[in-house]
Amino acid sequence: MSWDELYLETCCRSALHRLVLSGPTGRPVGPPPEGRMPDFRAPLKDRSCLVRLAGMGLARQRDDGRFEVTRDGEKRHEREILSMRRARRRRHG
């Protein structure tokens, strides 16, 4: 991480990871339509993080209201989240 980058809270790092995992589908910002199974990922809970990520240029909100990761978000995910996973594997494996 560069000294001039904004710090990502744990909840926002998790939201960024879920955003990357959602792929082209993106992350919803509201509850599922009436009569459908509730979304176990609780999309409303990470809305503030998704908005913060968008403000940082790591995500964007599409015209359909869903959020998707930007290229900068993919880079940050690679550097902060995937690198931690690789480091843990090296220590334990």
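**Notebook: helix α1, the core and two cysteines**

I started with helix α1, residues 10-22. I counted 13 residues, and from first C-alpha to last the helix reaches 18 Å. That is close to the 18 Å expected at 1.5 Å a residue. I note here that this is a predicted model.

Next I looked at what comes after the helix. α1 is followed by Gly23. The phi of Gly23 is positive, near 60 degrees.

Which residues of α1 are buried? I listed Cys12, Arg13, Ala15, Leu16, His17, Leu19 and Ser22. Arg13 and His17 are on that list alongside Leu16 and Leu19.

**Overall layout**

I then stepped back to the whole protein. I found three helices and two strands. Along the sequence they follow the pattern α-α-β-β-α. The protein has 93 residues, and 32% of them count as buried.

I checked the contacts between residues at least 6 apart in sequence. Of these, 54% join residues at least 24 apart. I also looked up the accessible surface, which comes to about 6500 Å². Carbon and sulfur atoms hold 54% of that surface.

**The core**

I turned to the largest nonpolar core, which has 13 residues. Leu8, Leu16, Leu19, Leu50 and Leu53 touch the most other members. Which elements each supply at least two residues of this core? They are α1, α2 (47-55) and β2 (67-69). α1 gives the most, with four residues. In soluble globular proteins, nonpolar side chains tend to be buried together.

I took Leu8 for a closer look. I left aside its neighbours within four places in sequence. Leu8 is then in contact with Arg13, Leu16, Arg52, Leu53, Met56, Leu58, Arg76 and Glu80. Two of these partners, Leu16 and Leu53, I had already noted in the core. Arg13 I had already noted as a buried residue of α1.

**Cys12 and Cys49**

Last, I checked for disulfides. The count comes to zero. Why is there no bond between Cys12 and Cys49? The sulfur of Cys12 has its closest cysteine sulfur in Cys49, at 3.1 Å. A disulfide needs the two sulfur atoms within 2.5 Å. The pair is therefore too far apart for a bond. I ran the search from Cys49 too, and the closest cysteine sulfur is in Cys12, again at 3.1 Å.

Are these two cysteines buried or exposed? Cys12 counts as buried because its relative accessibility is 3%. Cys49 has 6% relative accessibility, so Cys49 counts as buried too. The cut-off I used for buried is under 20%.

Key
Residues numbered from 1 in each chain as written. Predicted model: local features only at pLDDT ≥ 70, side-chain atom pairs only at ≥ 80, totals over all residues. Heavy atoms only, no water. Expected span 1.5 Å × (residues − 1). Buried < 20%, exposed > 50% of the residue type's maximum accessible area, 1.4 Å probe, protein only. Contact = heavy atoms within 4.5 Å. Areas by Shrake-Rupley, 256 points an atom, 1.4 Å probe, with all protein chains shown as cover. Core = buried A, V, L, I, M, F, W, Y, C linked by side-chain atoms within 4.5 Å.
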